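Here's a quick look at the empty space in this one, pockets and cavities alike. Have the model open as you read.

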Amino acid sequence: MRPLAVAHLTALDLAPVELLRKAAQAGFSAVGLRLHPVQPGATGYPLEAGSAAARELKAAIAGEGVQVSDIEFVSLTPAFQLADHEGLLAAGAELGASSLTVSGDDLDNARLVHNLAALCELASGYGLRVDLEFMRWRAVANVQQAVAAVAATGQRNAGVLVDALHLYRSGGDEQALAQLDSRFLRAVQLCDAPLQAPAEALIIQEAREGRLLPGSGQLPLAALLNALPADVQVSVETPSALLAPDLRLKAAYEATRSWLSRS
């Protein structure tokens with residue numbers, strides 16, 4: 001059975017220890033943790049390596065038998081400072097995470113690639129991969145741009161995270177993936193949605209709180225998975241304002257497992 005993780009955004013209102021416990025109860029084998037907010041003032045759960053909070057979280061990981069698949073979220077803006085993120089990497093390594101997720105938010109491509117490469121070099125010392133996630137409204141907006149940036153770093157631990165919604169909303173599809181070097185495609189986040197995108201003003205809202213469970217929309221998810229490497233890291237990201245967090249996690253697991261069994 002393919003290991004299945006859940007992204008923190010699915011139940012971002014749960015702090016890490018509670019997320020771990022609820023995710024384990026739902027059936028997930030791993031969780032992603034948002035240890036750094038997307039932007040100042042946004043929800044995040046900072047953690048210092050070696051702290052009492054880190055020890056509590058490690059105990060929960062051991063007790064629940066649920067791993068930490070990835071940590072997030074670093075935005076590569078023009079103001080990015082490498083030293084600001086070493087503590088995040090140290091915390092992720094202590095928790096046993098395999099990757100750090102970042103976004104590209106710098107229109108100066110040379111600076112973006114330089115900063116991404118530097119972050120990869122630092123992350124390699126902590127045993128972490130760095131996955132660049134593209135989003136339609138960011139400077140790195142599509143999968144082609146993401147792969148090009150990752151390839152330009154020359155770093156072995158640089159990869160691309162393919163979010164199903166972001167792929168199709170940015171004009172990409174499974175055929176676009178097939179034309180790229182698959183060794184850069186390291187992780188995928190699953191959700192579903194109508195084929196028709198909402199109005200431009202609602203694109204971000206859909207991504208943050210309007211996703212559908214896998215198999216309940218119209219995205220060609222089976223074709224998407226088939227276009228990715230067999231060992232791609234799989235997680236579910238289905239934030240919704242319609243269900244309580246524990247019910248959201250349970251529904252995400254059951255719907256995804258059901259869909260995978262049919263695909």
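## The largest pocket

In this predicted model, the largest pocket comes out at about 470 Å³ in volume. Its lining takes in 29 residues, and those closest to the centre are L9, L12, R34, R208 and P239. Two elements, β3 (67-76) and α8 (203-209), each give two or more residues to that lining. The top contributor is α8, with five residues.

What's the chemical mix of the lining of the largest pocket? You get 12 nonpolar residues, 10 charged and seven polar.

## The largest cavity

Turning to enclosed space, there are two cavities of 30 Å³ or more. The largest cavity holds about 70 Å³. Around it sit A7, D70, S99, T101, D131, L161, A187, V188, Q189, Q233, V234 and S235. Three strands supply two or more lining residues each: β4 (99-104), β7 (185-190) and β8 (233-236).

Split by class, the lining of the largest cavity has five nonpolar and five polar residues, plus two charged ones.

## The second largest cavity

The second largest cavity offers about 30 Å³ of space. Its lining is made up of R136, W137, L165, H166, R169, I203 and A207. Here the elements giving two or more residues are α6 (164-169) and α8, with α6 giving the most, at three residues.

As for chemistry, the lining of the second largest cavity counts four nonpolar residues, two charged and one polar. Note that α8 turns up here as well as in the lining of the largest pocket.

Definitions and conventions. Residues numbered from 1 in each chain as written. Predicted model: local features only at pLDDT ≥ 70, side-chain atom pairs only at ≥ 80, totals over all residues. Heavy atoms only, no water. 1 Å grid on protein atoms, 1.4 Å probe; cavity = no way out; pocket = protein on both sides within 12 Å on 5 of 7 lines; lining within 4 Å. Points joined across faces, edges and corners; volume = space filled by probe spheres on them. Helix = DSSP H or I, 4+ residues; strand = E, 2+ residues; numbered from the N terminus. Nonpolar A, V, L, I, M, F, W, Y, C, P; charged D, E, K, R; others polar.
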